[in-house]
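Got your viewer open? Take me round this chain, please: tell me what to select at each stop and what I'll find there.

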Amino acid sequence: MPRRRLTADEELEWISGGRAAVTGLLHFRRSGGRECVANLSAEPCSLPDGEALLSSAPVTGDRLPPWTTVWIRTTGS
């Protein structure tokens, strides 16, 4: 997919809640079915369902390693 299409007129939705504030998780969703999850803690955290597109460290299974960020194409997108 050309980068121009990825940066087209899209909206950004912050995913918040108790889990994010307590665990050091940064999570947002862009329209088009892509999510970014950054684990800014020393503990692994669960990932949303979907296909990992890009990550700052190896990601296996449904757990995001500490100090790692991943872009995900969410299921059904």
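Here is a short tour, going from the whole chain to single residues.

Keep in mind that you're looking at a predicted model. Start with a cartoon of the whole chain and colour by secondary structure: there are two helices and seven strands. Trace the chain along the sequence and the elements come up as α-β-α-β-β-β-β-β-β.

Now switch on the surface. The accessible area adds up to about 5,300 Å², and carbon and sulfur atoms hold 54% of that. As for the inside, 25% of the 77 residues are buried. If you care about long-range packing, 34% of the contacts with a separation of 6 or more link residues 24 or more positions apart.

Next, select Leu 12, Trp 14, Leu 26, Leu 40 and Trp 67: together they make a nonpolar surface patch of about 570 Å². One of them, Trp 14, belongs to strand E1, which covers residues 12–14.

Then jump to Thr 74, in strand E7 (residues 68–74). Is Thr 74 buried or exposed? It counts as buried because its relative accessibility is 14%, below the 20% cut-off. Show what surrounds Thr 74: beyond its neighbours within four places in sequence, it contacts Gly 33, Glu 35, Asp 49 and Gly 50.

Last stop, the cysteines. Select Cys 36, which is buried at 7% relative accessible area, and then Cys 45, also buried, at 9%. How many disulfides are there? The count is zero, with a disulfide taken as two cysteine sulfur atoms within 2.5 Å.

Conventions. Residues numbered from 1 in each chain as written. Predicted model: local features only at pLDDT ≥ 70, side-chain atom pairs only at ≥ 80, totals over all residues. Heavy atoms only, no water. Patch = residues over 30% accessible without salt bridge, like charges linked within 9 Å, V, L, I, M, F, W, Y side chains within 5 Å. Areas by Shrake-Rupley, 256 points an atom, 1.4 Å probe, with all protein chains shown as cover. Salt bridge = Lys/Arg side-chain N within 4 Å of Asp/Glu carboxyl O. Helix = DSSP H or I, 4+ residues; strand = E, 2+ residues; numbered from the N terminus. Buried < 20%, exposed > 50% of the residue type's maximum accessible area, 1.4 Å probe, protein only. Contact = heavy atoms within 4.5 Å.
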